[in-house]
Amino acid sequence: MPHFVIEQGNALLTAQERADALRLASQIGAACGFIDPVDIKARILDVTDFALLDGRDSFLHLSVHMLAGRTPQQKEALTLALRRAFVA
């Protein structure tokens, strides 16, 4: 089962932002063509204590965990799609 784990510190401040991030990650995963949408698990982990030496006071990090069986090309395409969606 694919897991989309969003770690965040002060980046998703409202319930709507949190719901949108979960929905976006899930939709991108479902649209990739090699993940069954009903298998997707998405969650947010809040981080309260962190240090960023570049002066920022928030961060968002998305990890994807999948079982074996996906090609490197599939993984790369998913990663690029997620990055484009979350950076936009």
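Me: Which strands does helix H1 lie across?
Reply: Helix H1, residues 15-31, lies across S1 and S2 and runs at about 145° to S2. Helices (H or I, at least four residues) and strands (E, at least two) are DSSP runs numbered from the N terminus. Angles go from 0 to 180 degrees between N-to-C directions, with axes fitted to C-alpha atoms, for helices over the stretch in contact.

Me: Anything I should know about the model?
Reply: It's predicted: local features need pLDDT of at least 70, side-chain atom pairs count only at pLDDT 80 or more, and totals for chains, interfaces and linings use all residues. Residues are numbered from 1 along each chain as its sequence is written, and side-chain values use heavy atoms, leaving out hydrogens and water.

Me: OK, in what order do the strands sit in the sheet?
Reply: S2-S1-S3, as an open sheet of three strands with mixed pairing (a pair needs at least two DSSP bridges).

Me: Why is one side of S2 and of S3 left without a neighbour?
Reply: Strand S2 (41-46) and strand S3 (59-65) are at the edges, each with a single partner strand, so one side of each has no neighbour in the sheet. On average, neighbouring strands are turned by 15° against each other, ignoring direction.

Me: How many bridges join S1 to S3?
Reply: Seven, and S1 (residues 3-9) runs antiparallel to S3. His-3 stands opposite His-65 in S3. Helix H2 (residues 72-87) packs on the sheet too, touching S1 and S3 (contact is heavy atoms within 4.5 Å), and its direction makes about 155° with that of S3.

Me: Switching to Gln-8: buried or exposed?
Reply: Gln-8, in strand S1, is buried, because its relative accessibility is 5% (buried is under 20%, exposed over 50%, partly exposed in between, with a 1.4 Å probe on protein chains only).

Me: What does Gln-8 touch?
Reply: Leaving aside residues up to four places away in sequence, its contacts include Arg-18, Ile-44 and Phe-59. The Gln-8 side chain also reaches the backbone nitrogen of Leu-12 at 2.9 Å.

Terms used
A polar contact is a pair of N or O atoms within 3.5 Å; within protein, one must be able to donate a hydrogen and the other to accept it, and residues adjacent in sequence count only if both atoms are side-chain atoms.
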